[in-house]
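Okay, everyone, let's get going. I'd like to walk you through the pockets first and then the aromatic rings, so have a look at this one with me.

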Amino acid sequence: MATYAIGDIQGCAKTFLALLETIEFKPKEDQLWLAGDLVNRGPGSLTVLRYIYGSKESGQIVIGNHDLHLLAVAGGVGTLRDDDTILDILNAPDRQELLEWLRQQPVFFKDGNHAMVHAGLLPGWSFNSAKGLSLELEAILRSDTYKELLANMRGSKPKHWSEELTGWERYRVLLNAFTRMRVCDKKTGGMDFSYKGPYETIPDASTAWFDLPTERPLDVTLICGHWSALGVYIKANLVCLDSGCIWGGPLTAYCLDTKKIVQAPNQDK
């Protein structure tokens with residue numbers, strides 16, 4: 001048995017299936033961790049979602065910002081954009097079954113010495129606090145009032161987390177950290193959503209979220225995606241796996257057991 005983590009698929013179905021073939025993934029034996037953004041922008045979102053749903057007993061996902069966007073559009077509280085490629089899901093006969101399953105998924109997951117999130121964790125959050133905060137969001141996403149959360153998630157403010165935040169401001173900060181964050185202000189720690197470029201050219205006033213001081217233990221490895229310009233980035237307790245498949249790059253898998261990286265060349269562009 002092996003456990004593989006895969007970065008942002010974003011509807012790149014051919015590349016995703018090719019990567020599974022490359023790693024010789026066996027659904028009845030192996031486990032698959034998917035770091036969010038399963039759908040959108042690529043040409044095969046429905047194929048990807050159906051495969052993951054059909055293999056859900058051997059998989060673990062966290063929700064990404066594009067997955068939330070799909071749920072918002074499907075729920076009538078989001079606007080379909082020109083570059084969206086989710087119509088195949090919205091028009092599918094099994095749409096309801098797929099989307100009901102998707103909104104039951106977590107935004108943060110931890111098992112033993114590994115954890116997973118789509119974008120990142122704010123520096124003041126321990127793994128225990130991140131779990132507690134994610135449960136707040138998940139309770140709403142799984143409830144009959146989930147559309148209210150999705151209708152109020154847009155926007156980049158507040159930029160700072162505080163336990164005193166309440167209502168939609170509280171949930172917006174949480175969702176932005178878990179699913180949208182890349183860099184933060186060096187002095188204040190506030191999230192900055194204006195920068196999407198590579199690690200090497202981060203503005204002087206900002207820093208990657210994972211370079212801010214944290215008290216999270218080094219013996220737990222956090223797996224994430226979301227930042228395509230960062231690419232595959234690995235340090236002692238961090239594995240970033242968004243290798244920009246949607247932009248023509250490869251799709252990347254990381255074996256939790258061997259720490260080996262495996263990639264499949266893009267087949268969807």
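So, which helix gives the largest share of the lining of the largest pocket? That's H3, with four residues. Keep in mind that we're looking at a predicted model here. The pocket itself has a volume of about 600 Å³. There are 26 residues lining this largest pocket, and the closest to its centre are Asn65, His66, Arg182, Lys196 and His226. If you want to find the walls by element, look at helix H3, residues 65-74, and helix H8, residues 167-179: those are the elements that give two or more residues to the lining. As for the chemistry, the lining of the largest pocket splits into nine charged, nine polar and eight nonpolar residues.

Now the second largest pocket, which comes in at about 170 Å³. Here we have 13 lining residues, and Phe210, Thr214, Arg216, Asn237 and Leu238 are the closest to the centre. How does this lining divide into nonpolar, polar and charged? Nine of its residues are nonpolar, with two polar and two charged.

Okay, on to the rings. The count is 12 aromatic pairs. One of them is Trp33 with Phe109, an edge-to-face pair at 5.1 Å centre to centre, with 80° between the planes. Trp33 is in strand S2, residues 31-34, and Phe109 is in strand S4, residues 108-111, so this pair ties together parts that sit 76 residues apart in sequence. Are these two buried or exposed? Both Trp33 and Phe109 are buried.

Then there's Tyr53 with Trp101, also an edge-to-face pair, with 5.7 Å between centres and 70° between planes. Again distant parts of the chain get linked: Tyr53 belongs to helix H2, residues 45-54, and Trp101 to helix H5, residues 95-102, 48 residues apart. Why do we call Tyr53 buried? Because its relative accessibility is 18%, and the cut-off for buried is under 20%. Trp101 has 13%, so Trp101 counts as buried as well.

Stay on Tyr53 for a second, since there's a charge to look at too. The charged end of Lys56 sits over the Tyr53 ring, 3.9 Å from its centre. You'll find another such arrangement at Phe193, where the charged end of Arg180 sits over the ring, 4.2 Å from its centre.

Last stop, the aromatic cluster: Tyr199, Trp209, Phe210, Trp227 and Tyr233 form one. And Phe210 should ring a bell, as one of the residues closest to the centre of the second largest pocket.

Definitions and conventions. Residues numbered from 1 in each chain as written. Predicted model: local features only at pLDDT ≥ 70, side-chain atom pairs only at ≥ 80, totals over all residues. Heavy atoms only, no water. 1 Å grid on protein atoms, 1.4 Å probe; cavity = no way out; pocket = protein on both sides within 12 Å on 5 of 7 lines; lining within 4 Å. Points joined across faces, edges and corners; volume = space filled by probe spheres on them. Nonpolar A, V, L, I, M, F, W, Y, C, P; charged D, E, K, R; others polar. Phe/Tyr/Trp six-rings, centres within 6.5 Å; stacked < 30°, edge-to-face > 60°. Buried < 20%, exposed > 50% of the residue type's maximum accessible area, 1.4 Å probe, protein only. Lys NZ or Arg CZ within 6 Å of the ring centre and 35° of its normal.
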